[in-house]
Amino acid sequence: MDRYRQTDDGGTAEGATRRRLPPDERRRQIVDGAVAFFAEVGLDGKTRDLARRLNVTQSLLFKYFSSKDALIEAVYVQVYIDRLSPDWPDLLRDRTVPLRDRMLAFYTEYSELIFEYEWMRIFMFSGLAGAELNRRYLEHMGGTILKLLLEEVRAASRTGEGPDMEDIWNLHGGIVYIGIRRHIYRMPCPDNPAPAIESAVDRFLRAFAADG
């Protein structure tokens with residue numbers, strides 16, 4: 001039997017089987033494959049290599065995505081934007097709950113979503129490549145989450161002098177760094193980051209005399 005059989009897009013690939021997927025499923029397959037691919041090789045990875053990995057032709061990729069930039073945009077949406085919970089702003093501003101509990105709830109959920117190989121690797125590769133993904137993501141986080149967190153900590157401060165945005169970014173960056181150590185530097189990290197997150201939040205609240 002010929003090892004080179006026609007794929008569902010009309011091309012050929014070694015060991016491929018004839019299988020025609022619905023457009024939505026095919027698009028999802030491409031994006032999932034692109035996430036894993038760019039996390040491994042960086043954003044400079046070639047679409048022809050991605051196509052080979054997916055056992056499809058390069059022309060099929062461009063049937064679903066007009067350019068490599070459009071494919072990377074889809075990766076950005078799936079890895080970053082789609083993981084952000086629309087409930088987080090309400091969680092952080094709910095003053096019927098102690099501030100410490102709100103912060104821990106947010107950072108527990110957030111760390112579970114971002115402390116993953118693909119998230120960390122693509123984020124680092126994007127920064128090294130000078131891509132816009134990091135800037136857009138950080139602007140989104142700063143405007144929708146961290147600015148709100150700043151307001152809540154200031155409101156809870158007993159001295160009336162709460163933190164500034166740089167202080168909030170330092171807290172946030174320190175927590176994110178736990179995931180960077182694991183997935184970028186491959187350094188030993190706690191299997192459960194919850195105690196480290198709890199310590200970081202407690203130190204932060206004490207520093208600004210904020211009622212938890």
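Good morning. I begin with one contact: the side chain of threonine 47 lies 2.6 Å from the side chain of glutamine 58 in a polar contact, that is, a pair of N or O atoms within 3.5 Å, where within protein one must be able to donate a hydrogen and the other to accept it, and residues adjacent in sequence count only if both atoms are side-chain atoms.

Please note that this is a predicted model, in which local features need pLDDT of at least 70 and side-chain atom pairs count only at pLDDT 80 or more, while totals for chains, interfaces and linings use all residues. Residues are numbered from 1 along each chain as its sequence is written, and side-chain values use heavy atoms, with hydrogens and water left out.

Threonine 47 belongs to helix H2, residues 47-54; helices (H or I, at least four residues) and strands (E, at least two) are DSSP runs, numbered from the N terminus. Is threonine 47 buried or exposed? With a relative accessible area of 10%, threonine 47 is buried; buried means under 20%, exposed over 50%, and partly exposed in between, using a 1.4 Å probe and protein chains only. Leaving aside residues up to four places away in sequence, threonine 47 touches Gln58, Leu61, Phe62 and Lys68, where contact means heavy atoms within 4.5 Å.

I turn to the aromatic residues. The structure holds 15 aromatic pairs; rings of Phe, Tyr and Trp (its six-membered ring) pair if their centres lie within 6.5 Å, and planes under 30 degrees apart count as stacked, over 60 as edge-to-face and the rest as tilted. Tryptophan 119 and phenylalanine 123 form a stacked pair, because their ring centres are 5.0 Å apart and their planes meet at 15°. Both residues are in helix H7 (residues 117-129), and because they are 4 residues apart, about one helical turn separates them. Tryptophan 119 and phenylalanine 123 are both buried. One aromatic cluster is formed by Tyr76, Tyr80, Trp119, Phe123 and Tyr137.

Glycine 174 offers another case. This residue lies in helix H9, residues 165-183, and counts as partly exposed at 41% relative accessibility. Its C-alpha atom is separated by 20 Å from that of arginine 154, 20 residues apart along the chain.

Finally, the whole chain. How many helices and strands does the chain contain? There are 10 helices and 2 strands. Of the 212 residues, 42% count as buried. The C-alpha atoms fill a box of roughly 75 × 35 × 30 Å along the principal axes. Thank you.
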